[in-house]
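Reader: I am new to this structure and would like a close look at a single part of the model. Could you take me through one pair of strands and what lies around it?

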Amino acid sequence: MAKKKQQQGKQVVALIEQSTPGRATKTIQTWKTAIAAFENPQNPMRKQLYDLYDDIMLDGQIEATWGKRRDAVLNRRLLFVRDEQKDETVTKLLNSPDMRRLIEELHKTIAYGYTLIQVNDIWYDEEQECYRIDFDLIPRANVHPEPEFECISKAASSITGDWLYMNPPLANYMLGAGNYSDKGLFAKAAPYVIYKRGTMGDWSQFSEMFGMPFREAMYDAFDDQTRIKIEQMLNNWGAGMSMVHPKSVEIKLHETGGSTSSSDVYDKFIEICDAGISKTILGNTLTTEQGDNGARSLGEVHQAEEDDKKKSDELFILSVLNAQFRSILKRFGINAKGGEIRYEKPDKDWDTLKKKWNVIGAVKAAVPVDDDYIYEEFDIPKPDDYEQRKEEMRSHPQTPPPTGEQLSAEFDFFA
């Protein structure tokens with residue numbers, strides 16, 4: 001039965017007409033045209049936009065910023081919990097190498113927009129001693145998730161509706177993520193990359209023209225033989241700007257410092273573009289660039305904004321896994337009924353715990369605080385004989401309870 005499902009799954013991708021990404025020079029007009037093609041209500045086409053996205057992925061700032069969001073999700077381990085007990089079998093599947101690749105494609109939904117994945121087979125590989133997941137990413141340019149289409153076309157250039165992926169049996173093995181109208185974050189980041197590349201090209205030309213010593217040669221007017229020899233001499237002298245002119249011709253080079261041709265302008269413009277990419281993808285700049293106002297307090301605010309995006313990404317991934325993917329697991333005989341996919345709790349952040357305890361200690365000095373609240377906030381297991389121990393502490397106080405400052409010092413020691 002599994003082999004039959006695998007053959008059905010391979011059929012779609014095998015028959016799609018694969019095309020190579022367009023690598024022509026991208027301009028702002030390219031971006032505008034791609035957006036217009038995507039938004040065309042009668043004949044929406046996505047290939048131009050996704051070709052643009054694949055192209056800007058070569059940018060270093062895109063890799064640095066998007067890589068931070070991607071790694072924040074991929075570096076978290078998943079677990080499957082049923083009745084608050086960890087299921088070792090399903091948890092092992094969720095942390096397999098293939099599952100990591102699947103999550104990476106799902107996470108790209110945030111950058112690219114709608115993602116459609118077909119799961120072909122799931123099995124345990126006895127030789128490698130791990131679970132394997134055979135899946136295909138349906139080329140995004142060939143997917144038309146708009147409500148009036150909801151189909152996959154063989155060619156990306158037209159909507160032919162060759163597969164209606166929302167209808168069974170195909171729908172039983174399809175994993176769709178994102179909104180059909182969402183263009184993804186890269187639609188907002190692409191102009192910054194395009195402008196930056198153009199500026200870097202202009203800067204390169206500026207450096208070539210004015211960054212090397214300028215060589216000037218003069219000859220007597222109407223002495224063409226001398227002019228030819230001078231030109232040959234300069235050509236054999238290696239790279240660099242040079243000029244040959246008669247002595248009677250006066251040549252002046254005007255400085256461009258402070259004008260729009262200054263090298264500082266290029267540098268500043270590229271910095272602005274990189275900052276725009278950081279704000280678009282991470283919501284801040286201080287976690288990727290130092291900046292002029294890199295105060296620690298401001299950096300903590302920016303880090304908090306970035307952490308909010310990480311939490312949002314995690315919730316997005318879990319929402320897809322706990323709904324569609326869990327259903328697919330059951331279809332392949334994996335016991336995922338009645339359970340939930342979660343992320344493992346990260347290692348304790350001692351700095352945050354220290355700040356939290358200082359606040360709670362100050363509150364406890366003024367008003368009573370419920371012990372259960374403290375157990376929950378610090379993720380500390382409450383003992384089964386809690387009431388007995390609490391009574392012993394009241395009846396036989398040996399030392400006064402530690403103050404917030406004392407426990408803060410303890411946190412410093414453990415951190």
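**A strand pair and its surroundings**

Author: Strand β3 (residues 115-125) and strand β7 pair in the antiparallel sense, over 4 bridges, where strands are DSSP runs of E with at least two residues, helices are DSSP runs of H or I with at least four residues, both numbered from the N terminus, and two strands pair if DSSP finds at least two bridges between them. This is a predicted model, in which local features need pLDDT of at least 70 and side-chain atom pairs count only at pLDDT 80 or more, while totals for chains, interfaces and linings use all residues. Residues are numbered from 1 along each chain as its sequence is written, and side-chain values use heavy atoms, with hydrogens and water left out.

Within this pair, Ile117 stands opposite Leu175 in β7. Strand β7 (residues 174-177) is covered on both faces, with Met174 and Gly176 buried on one side and Leu175 and Ala177 buried on the other; buried means under 20% relative accessible area, exposed over 50%, and partly exposed in between, using a 1.4 Å probe and protein chains only.

Leu106 ties these strands to other parts of the chain: leaving aside its neighbours within four places in sequence, Leu106 is in contact with Ile117, Leu175 and Ala177, and also with Phe316, Ile317, Val320 and Leu321, contact meaning heavy atoms within 4.5 Å. Leu106 is also, together with Leu93, Leu94, Ile133 and Phe325, among the residues that touch the most other members of the largest nonpolar core, which has 32 residues. Such a core is a set of buried Ala, Val, Leu, Ile, Met, Phe, Trp, Tyr and Cys residues joined through side-chain atoms within 4.5 Å. Helix α11 (residues 296-331) gives the largest share of this core, 7 residues. A second, separate core has 26 residues, including Ala141, Ala187, Ala189 and Ala190.

Another buried residue, Asn142, sits in the loop between β4 (130-137) and β5 (143-144). Asn142 counts as buried because its relative accessible area is 4%. Beyond its neighbours within four places in sequence, Asn142 is in contact with residues including Ile16, Glu17, Cys151 and Ile152.

For another example of antiparallel pairing, one can turn to an open sheet of 3 strands in the order β2-β1-β10. Strands β2 (85-86) and β10 (340-343) stand at its edges, each with a single partner strand, so one side of each has no neighbour in the sheet. Strand β1 (residues 78-82) is joined to β10 by 4 bridges, and the bridge partner of Leu78 in β10 is Tyr343.
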